Amino acid sequence: MAFNKVDKIWMNGQFVNWDDAKIHVLSHVVHYGSSIFEGQRCYSTPKGPALFRLDEHIIRLFNSAKIYRMEIPFTKEEINQAIIDLIAVNKLDSCYVRPVVYRGYENLGVDPRNCPVDVTLAAWPWGKYLGEEAMENGVSVCVSSWNRNAPNTMPMMAKAGANYMNSQLIKLEAISHGYVEGIALDVYGMVSEGSGENIFLIQRGNLITPSFGSSVLPGITRRTVITLAKEMGLKVIEEPVPREALYIADEVFFTGSAAEITPISKIDGIVIGNGKAGEISKKLQKAYFDIVEGRAEDKHGWLTMVPTSKTVKS
């Protein structure tokens with residue numbers, strides 16, 4: 001999906017024009033993949049733009065940086081405020097937000113300690129990640145031949161740019177075979193997640209999702225769905241999930257900041273449930289969108305309002 005360009009991007013504390021937001025080709029991140037990032041959405045509500053779970057996303061950003069021994073040269077509070085200012089200065093009503101922290105330009109070599117840690121924040125309008133029609137009709141996916149990384153190889157609990165080389169292989173393979181997305185298994189052959197999404201199964205009214213031991217990113221939308229499901233009285237089970245459980249599930253869906261809650265209609269050509277969004281998937285979708293779009297009470301304090309009238313110095 002092509003970018004919908006906006007006016008400004010935030011780089012190391014300054015707003016720069018979209019087309020001027022550049023780094024040097026010899027930056028450490030270009031050669032060694034030394035970046036961590038986040039993806040989050042800002043939704044249009046009757047009260048104005050609202051960021052979904054801003055604090056949790058930035059906490060995860062700092063946790064990823066800690067794992068990779070990257071000292072972010074801004075506080076969590078400064079990053080939060082910069083994201084709010086970025087949306088305001090670009091006059092965005094709804095958007096996708098991409099904070100990225102990366103090792104910049106100084107020298108090369110695997111040892112990254114002498115390279116600066118740079119921070120960039122971008123926001124732009126972005127529609128449904130897997131397509132508008134997918135929310136109702138679901139998507140056709142495959143189980144990938146590429147596994148998620150084994151434990152103690154790459155830290156999958158960090159949202160690191162380098163991890164997404166694995167995701168690209170999964171996505172490219174799926175597309176080349178006519179599918180929308182791929183599902184990775186872990187090194188033990190158990191279900192892990194999609195190339196950029198967590199995964200859930202509904203079986204006999206229970207909500208089942210792979211545990212963190214299956215090389216799963218600790219998704220914030222994943223956590224949200226678990227909370228909503230428990231409030232609906234559903235039993236939530238986090239455990240290793242065998243591949244064949246996907247085929248016989250009543251419903252299967254992806255979750256993620258980009259994907260939101262996207263049903264899966266077929267896996268490896270096998271129809272899941274009734275071949276479109278199931279009853280529980282729809283209930284979870286409705287509960288989620290009612291909160292993020294301001295139609296239901298935000299009793300968990302998940303939304304951060306963006307003052308649209310604020311003037312931001314660029």
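# Exercises on cores and pockets

Ile79 touches Trp10, Ile58, Phe62, Phe74, Val119 and Leu121, where residues up to four places away in sequence are left out of the count and contact means heavy atoms within 4.5 Å. The model is predicted, so that local features need pLDDT of at least 70 and side-chain atom pairs count only at pLDDT 80 or more, while totals for chains, interfaces and linings use all residues. Residues are numbered from 1 along each chain as its sequence is written, and side-chain values use heavy atoms, with hydrogens and water left out.

**Exercise 1.** Find which residues have the most contacts inside the largest nonpolar core, and which helix gives the most to this core.

*Solution.* Begin with the term: a nonpolar core is a set of buried Ala, Val, Leu, Ile, Met, Phe, Trp, Tyr and Cys residues joined through side-chain atoms within 4.5 Å, and buried means under 20% relative accessible area, exposed over 50% and partly exposed in between, with a 1.4 Å probe and protein chains only. The largest core has 43 residues, and those with the most contacts inside it are Trp10, Leu51, Ile79, Ile83 and Ile87. Next, helix 3 gives the most to this core, namely 8 residues; helices (H or I, at least four residues) and strands (E, at least two) are DSSP runs numbered from the N terminus. A second, separate core of 23 residues includes Ile226, Ala229, Tyr288 and Leu303.

**Exercise 2.** Decide whether Glu38 is buried or exposed, and list what Glu38 touches.

*Solution.* First locate Glu38, which lies in the loop between strand 3 and strand 4 (40–45). Because its relative accessibility is 0%, Glu38 counts as buried. Then, not counting residues up to four places away in sequence, Glu38 touches His57, Arg60, Leu61, Val97, Arg98, Pro99, Lys159 and Ile220.

**Exercise 3.** Describe the lining of the largest pocket by its central residues and by class.

*Solution.* On a 1 Å grid over the protein atoms alone, a pocket is an open set of points where a 1.4 Å probe fits, with protein on both sides within 12 Å along at least five of seven lines, and lining residues have an atom within 4 Å of a point. The largest pocket is lined by 50 residues, of which Phe37, Tyr96, Arg98, Trp126 and Tyr164 lie nearest its centre. By class, this lining has 25 nonpolar, 17 polar and 8 charged residues, where Ala, Val, Leu, Ile, Met, Phe, Trp, Tyr, Cys and Pro count as nonpolar, Asp, Glu, Lys and Arg as charged, and the others, Gly among them, as polar. Finally, helix 5 supplies the largest share of the lining, 5 residues.
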